[in-house]
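Hi everyone, thanks for making time today. Let me put the structure up on the screen, and then we can walk through it together.

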Amino acid sequence: VGGGTVGHHHSSTGNKSYTMKAAILIQRWYRRYVARIEMRRRYTWSIFQSIEYAGEQDQLQLSNFFSFLLDHYTQVKNTGKDLFSLLFTPTNGHAEDTDKNIVLEYEKIKVPESYTGPRLNFPLTVADTNTLLQAFKQQHQLHARYVLQLLHETKKIMKQKPNIIHLSTSCSKEITICGDLHGKLDDLMLIFYKNGLPSTEKIYLFNGDLVDRGENSMEILIILFAFLLVHPAVLHLNRGNHEDYIMNLRYGFTKEVMQKYKLHSTEILELVQDVFSWLPLATIIDNKVLIVHGGIAETTDLNLLNSLERDKIISSNSIKIIEKKKQKLEKKKGGISSWETIIMPWFKQLKKKIKLSLFNLKMYTFACNSNNQGFPCKGCLSSCHFSIIKLKMILHIHNGEYVTVGLCVTVTKMDIIATCRNCHSFTVRCTKICYGFWRKVVDVLWSDPKGQFGCTPNNFRGGGCYFGPDVTAKFLRKYNLKLLIRSHECKQDGYEFCHNDKVITIFSASNYYEEGSNRGAYIKLGPDLVPHFVQYQVSKSTRRPTLRQRQRVNIAEHAALRSLKEKLYTCSACLLSQYPTLQSDETLPLPGRISVNEWASAIESVLTMDLPWRTMRSRLVRLSPDGKVEYLSCFEDLWLEKPVFEKVQLSLMETLCRYRTDLEVIFNVIDKDHSGLISIEEFHQTWKLFSSHFHINIDDAVINDLARSIDSNNDGSIDFNEFLEAFRVVHK
C-alpha cells in the first residue's frame with residue numbers, strides 16, 4: 001500500500017511539472033502572438049499616416065503649381081478673369097450686396113410637389129432639426145432651396161462671432177468637445193445618441209474638419225448649421241484645415257456637392273466657402289482651456305489672432321498665390337520703382353517705430369488725395385522719422401515741422417492719414433491679409449505636437465510646425481491656461497495625452513482609415529475642467545459581432561497594403577530605374593532578383609516614406625528560395641481600371657496615374673461651372689505648364705494626340721472625369 005502511495009506521489013509531481021511546462025510554452029507563444037499583432041498594428045498605422053501626410057505634401061506642391069500658373073496662365077475660358085480670381089474669389093465676392101443677391105436667388109428656386117425630402121420653415125425650430133435627423137437616417141436629401149437659405153442664415157450668425165469664442169461651464173452642466181468628423185455622418189449620429197442633442201444643458205463644440213474624405217459632409221454641415229440657428233449659444237464651431245476651398249477640391253467635398261446638387265452646386269459651394277471663412281479660429285473655456293484645431297507655434301499670439309480679419313483667409317494654401325498677385329498688380333501699375341525708391345525707405349522706418357514686424361510691406365497700398373501718383377510726394381518722405389505717443393503718431397518732416405497723424409491698427413487693416421505740405425494729405429492703407437498673420441492662422445490649423453523640445457517646420461505635412469513640450473509650457477504660462485485641446489490627427493483610441501498631459505488630441509471619426517482601424521471619441525468637460533472621454537466605434541451593421549483585435553488588424557493591414565501597393569505602382573518606372581540588376585528587356589518573363597537591402601533602399605529613395613520596408617517585405621513582394629526579392633512581383637496584381645488609350649506611352653501612363661489627383665484638382669479649378677468639361681486648348685495648355693513645373697518630360701505631340709483621342713465626338717471639349725478614370729489603379 002505504501003509503495004502505491006509513493007508511486008501516486010511521483011505521478012502527481014510529474015503531471016504538475018508537465019502542466020507548468022505547458023503553461024510556460026502557451027504563455028511564450030501567446031506573448032509572441034501578441035507581439036506580432038502589435039508589430040503589424042504599428043506598421044499598418046504607419047502606412048496609413050505616411051500615405052495621408054504624403055497627400056498633404058502633394059497638396060503643398062499643388063499650391064506651388066498654382067503660384068507658377070499665375071505667371072503663365074492669365075485668362076481662363078475667355079472670361080477675362082485671371083486665375084487668382086478663379087481660385088480664391090467667389091463669383092459674388094465679399095461685397096455688401098452679395099447677401100441680397102443670394103436671397104433673391106434662393107427665393108426664386110421652387111420646391112416641386114414631387115419632392116419627398118425634408119421641408120424646412122425659417123426661422124428653424126427643434127422640430128426642424130429632428131426632421132433633418134430622421135430624413136438623413138433614411139438617406140433623403142435636402143432640397144437646394146433650403147440648403148442655400150440655411151447657409152445664408154448661418155453666414156449671418158458667423159459674421160457676428162469673434163475669432164476666439166469664450167465659453168463657461170457655469171452656464172451648463174458640461175461642454176462636449178468633438179474632433180474631426182470628416183464626412184462620417186454615422187459618427188455624428190452616434191455621438192448625439194450617446195450624449196444627447198444640443199440644448200442649454202448640452203453645449204457642443206466641434207473642433208473643425210467636418211468635411212472631406214467621408215461621403216456625408218454636406219449632411220453634417222446641414223445638421224450642425226441647423227442646430228446653430230436654433231441654439232446659437234449652445235453649438236459652436238472651430239475652423240479646421242479642411243474648411244478650405246483648395247483642400248475641398250482635393251479631398252472630396254467639392255465633388256460630393258457637385259454630385260448631390262448638380263444644378264445649384266456652384267452657388268452652394270460659393271456660399272459654403274464664405275461660411276468657412278467666417279468660422280472662428282479658437283475657443284477658450286473658463287479662461288483655462290484653449291481649443292484649436294491643429295496646435296500652436298512659439299510665435300502664436302492670442303491677442304493678435306483675435307484681431308485679424310479671418311474672412312480674408314479663404315484658403316490656408318493661398319498665401320504664395322496672394323503674394324504673386326500683389327507683385328503682378330504692382331508691375332501692372334508701374335509702381336515697383338517708385339515703391340523701392342520712395343515708399344520702401346519711408347515705410348521701413350514707420351514699421352520699425354510702430355513695431356509692425358509681422359506685416360509684409362508689399363501688402364500695403366498708398367493713396368494720395370491731391371495727386372494721382374498713388375503715393376505721397378518724394379519731398380515729404382525724405383529723411384523722416386516717427387515716434388508713437390499713445391494712439392497718435394508724430395511725423396517729423398524734412399523741413400523740421402511736426403505733423404499729427406491719426407493711427408488705426410486692426411492687425412490686417414491699417415489706415416494712416418497724414419498731412420503733407422505738398423500733397424495736403426495721403427493715406428497708407430492695408431486691406432489684404434498679410435503674410436505674418438496668414439502664418440499665424442496656418443499654425444493653429446496645421447501644427448502637431450512632438451516629443452522633442454523646440455518648434456520646427458512641419459515638413460511632413462507641408463504646413464504649420466511641430467511644437468515641443470517646452471513651447472506648450474511657455475504658452476500656457478503666458479496666458480494662464482491649464483490645458484490645450486486639439487484635433488487634426490487620427491488616434492487609435494480616439495484620443496491621446498502628450499506634453500505632460502497638458503495637450504490632448506481628440507479625434508471623433510471612427511474607422512477613419514478602414515473599418516476597425518480606430519475608435520472615435522469625444523470629451524466631456526465640467527466645471528472642474530477634468531476631461532472625461534467617451535469612446536465608440538461605428539459598425540456597418542448592428543447585427544455584426546464585435547471584431548476581435550486580430551480581425552481588426554487583418555482588415556486594416558489588408559487595406560493599408562493595398563493603398564501602399566497602388567502608390568508603388570504609380571512610381572514603378574522610377575523604382576525600376578533604381579534596381580541595379582534590372583534586365584534591359586522589360587517583357588522577359590523572368591523577373592529580376594535583388595537583395596532585400598537593395599530593394600528597401602530603392603523604395604526609400606523614391607517614395608521618401610519612413611516605413612519598415614524590410615519588415616513588410618513578405619507582404620509586398622515575393623521572395624525567392626535564396627531570400628532575394630523578386631521586385632516585379634509587387635505589381636502583378638495591379639492594373640488600370642479601364643483600357644488605356646492605344647497611343648499612351650508607358651511613361652505618360654505612369655505619370656497620369658501618379659499625378660491623377662493633382663490633375664483632377666486643377667481641372668476642377670478651371671471648370672468653374674462644374675460641367676465636367678474643359679476645352680482641348682485648356683487641357684493642352686494646363687498639361688504643358690504642369691509638366692514644365694514638375695519637370696515631366698513628355699513630348700507635346702503625344703499630349704496633342706491624347707487630347708484628340710479623348711474628344712471622341714469632336715466637339716472640342718473633354719470630359720476630364722471620364723479621362724482620369726482611365727488612369728485609376730485597381731487590384732485584379
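Let's begin with a small question: in which strand does Arg622 lie? The answer is S22, which covers residues 622-623. Before I go further, please keep in mind that this is a predicted model.

Staying with Arg622, its relative accessibility is 38%, so we count Arg622 as partly exposed. If we set aside the neighbours within four places in sequence, Arg622 is in contact with Lys628, Val629, Glu630, Ser633 and Glu636. Take Ser633 from that list: Arg622 and Ser633 are 11 residues apart in sequence, and their C-alpha atoms are 5.9 Å apart in space.

Now move along to Ser624, in the loop between S22 and strand S23, residues 629-630. Is Ser624 buried or exposed? Ser624 is buried, because its relative accessible area is 5% and the cut-off for buried is under 20%. Outside its neighbours within four places, Ser624 touches Arg593 and Glu630. Glu630 also appears among the contacts of Arg622. As for Ile594, it sits 30 residues from Ser624 along the chain, with 9.8 Å between the two C-alpha atoms.

Let me zoom out for a moment. The chain has 24 helices and 27 strands, and 53% of its 732 residues are buried. Of the contacts with a separation of 6 or more, 72% are between residues 24 or more positions apart.

Next, helix packing. Two packed helices are described by the angle between their axes and the distance between the axes. My first pair is H5, residues 144-158, and H7, residues 217-230: their axes come within 10 Å and cross at roughly 55°. That angle makes H5 oblique to H7, and the crossing is left-handed. Who meets whom here? From H5 we have Val147, Leu150, Leu151, Glu153, Thr154, Ile157 and Met158, and from H7 we have Met218, Ile222, Phe225, Ala226, Leu228 and Leu229. Sorted by class, that contact has 11 nonpolar residues, 1 polar and 1 charged.

The second pair is H16, residues 549-570, with H19, residues 613-620. These axes come within 11 Å and cross at roughly 95°, so H16 and H19 are roughly perpendicular to each other. On the H16 side the residues are Glu557, Leu561, Leu564 and Lys565, and they meet Trp613, Met616, Arg619 and Leu620 of H19. By class, this contact has 5 nonpolar residues, no polar ones and 3 charged.

Now for some backbone geometry, which I know a few of you like to check. Most residues other than glycine have a negative phi, and most peptide bonds are trans. Where do we find a cis peptide bond in this model? One joins Phe122 and Pro123, with omega at about 0°, and Pro123 is in the loop between helix H3 (98-108) and helix H4 (126-137).

His182 is not a glycine, yet it has a positive phi of about 45°. You'll find His182 in the loop between strand S2 (175-178) and helix H6 (185-195), and it is buried, with a relative accessible area of 2%. Asp286, also not a glycine, has a positive phi of about 55°; this one lies in the loop between strands S5 (282-285) and S6 (289-291).

Last item, the cysteines. How many disulfides does the structure hold? The count is 0. Cys178 is buried at 0% relative accessible area, and Cys571 counts as buried at 5%.

Thanks for listening!

Key: Residues numbered from 1 in each chain as written. Predicted model: local features only at pLDDT ≥ 70, side-chain atom pairs only at ≥ 80, totals over all residues. Heavy atoms only, no water. Axes fitted to C-alpha atoms, helices over the stretch in contact; angles between N-to-C directions. Helix = DSSP H or I, 4+ residues; strand = E, 2+ residues; numbered from the N terminus. Parallel < 35°, antiparallel > 145°, perpendicular 65-115°, else oblique. Left-handed = near helix turned anticlockwise from the far one by under 90°. Contact = heavy atoms within 4.5 Å. Nonpolar A, V, L, I, M, F, W, Y, C, P; charged D, E, K, R; others polar. Disulfide = S-S within 2.5 Å. Buried < 20%, exposed > 50% of the residue type's maximum accessible area, 1.4 Å probe, protein only.
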